[in-house]
Amino acid sequence: MQIELTPAPFPDAPVLLLIAGLGGTGNYWLPQRAALSEHYQLVVYDQRGTGVNREPLPNDYSLADMAYEIHSAVLQQGITHYSVLGHALGGLVALQLALDYPASIDRIAIINGWLQLNAHTRRCFAVRETLLRDSGPTAYLQAQPLFLYPADWMAANQPCLEAEEAMHNAHFQGAENLTRRLNALKAADFHDTAAHIHQPVLLICSRDDLLVPWNCSVELHEALPESRLEVMPWGGHACNVTDANNFNQRFLSAMSALQQVESSFQKENV
């Protein structure tokens, strides 16, 4: 798997792995890269089955597979400890990494994640799957922004949306890969395992998220032993894109506050 490492901003800078959502590609994090690269050495990648790492995925593809693939790729770069920032599906992979490789994961941040798939989110995915199956990738991609962004932001950013749609059409991961990745997402359930995640976890959600109700982050917050919840009043499912400056400031401030908790966790696991 190909991954990208940004230059370390200073000696012994902490490493931050960025994991996108269902779209899967590392360019999702463009609104964060400049701000976060001043504080972290970033690891950015296209998930298996997408972008430059596109290949056919097996029928039984799972969240554990996603975690194993990226963890192995990071270890190959000589990185043994890192934090993770994940959006939606990427946040679920972060939780899986914490369960499967706890000695390597320092801190976790999750944008609009969940403990188990919410009934409303399941309905939204069913609609999107129907569009993909019956109308094809173009219709699926045309509808995608409706689930990601607030209406006022979309109205003010039509040229951006058109360029984004053209890019996604040109680099579409394929219906089979998308379906297999979506099935892995829908099967994820951390009800019985969240209590075993002792790393500090930052949860950031948006109250106006159409795809994942913000109370899903509240539920996840209550299930995790060491977590902090930040609620943004506006921004939609992709709030780190639509309100990037606000998001970046919240993230950096909250992750700094969690660093002391992380140090305590590491001492307990030496």
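Glutamine 76 is found in helix H2 of this predicted model. The residue is exposed, because its relative accessible area of 65% lies over the 50% cut-off. Aspartate 243 follows 167 residues further along the chain. The C-alpha atoms of glutamine 76 and aspartate 243 are separated by 34 Å.

Helix H2 (63-76) is also a packing partner of helix H8. The buried residues of H8 pack against H2, helix H3 (89-100), H4 and H5. Those buried residues are Asn177, Leu178, Arg180, Arg181, Leu182, Ala184 and Leu185. Two arginines, Arg180 and Arg181, are thus listed among the buried residues of H8. The length of H8 was checked against its residue count. Its 13 residues, at 1.5 Å each, should span 18 Å. The end C-alpha atoms are 18 Å apart, so expectation and model agree.

The same check was applied to helix H4. This helix runs over residues 119-135 and has 17 residues. At 1.5 Å a residue, a span of 24 Å is expected, and the end C-alpha atoms are indeed 24 Å apart. Thr121, Cys124, Phe125, Arg128 and Leu132 are the buried residues of H4. They cover an arc of only 95° around the axis, so they lie on the same side of H4. The spacing reflects helix geometry. An α-helix has 3.6 residues a turn, so residues three or four places apart point the same way. On the other side of H4, the exposed residues are Ala119, Arg123, Arg133 and Asp134. The buried residues of H4 pack against helix H5 (137-148) and helix H8 (175-187).

Both ends of H4 show local features. At its start, a side-chain oxygen of asparagine 118 comes to within 2.7 Å of the backbone nitrogen of histidine 120. Just after H4, glycine 136 adopts a positive phi of about 95°.

Helix H5 also meets helix H7 (residues 158-170). Two packed helices are described by the angle between their axes and the distance between the axes. Here the axes of H5 and H7 come within 10 Å and cross at roughly 145°. The crossing is right-handed. On the H5 side, the contact is made by Thr138, Leu141, Gln142, Gln144 and Pro145. On the H7 side, it is made by Leu161, Glu165, His168 and Asn169. Helix H5 thus contacts H7 and is also packed against by buried residues of H4 and of H8.

Key: Residues are numbered from 1 along each chain as its sequence is written. This is a predicted model: local features need pLDDT of at least 70, side-chain atom pairs count only at pLDDT 80 or more; totals for chains, interfaces and linings use all residues. Side-chain values use heavy atoms; hydrogens and water are left out. Helices (H or I, at least four residues) and strands (E, at least two) are DSSP runs, numbered from the N terminus. The expected span of a helix is 1.5 Å times one less than its number of residues. Buried means under 20% relative accessible area, exposed over 50%, partly exposed in between (1.4 Å probe, protein chains only). The arc is that of the directions from the helix axis to the C-beta atoms. Contact means heavy atoms within 4.5 Å. A polar contact is a pair of N or O atoms within 3.5 Å; within protein, one must be able to donate a hydrogen and the other to accept it, and residues adjacent in sequence count only if both atoms are side-chain atoms. Axes are lines fitted to C-alpha atoms, for helices over the stretch in contact, and angles run from 0 to 180 degrees between N-to-C directions. A crossing is left-handed if the near helix is turned anticlockwise from the far one by less than a right angle, and right-handed if clockwise.
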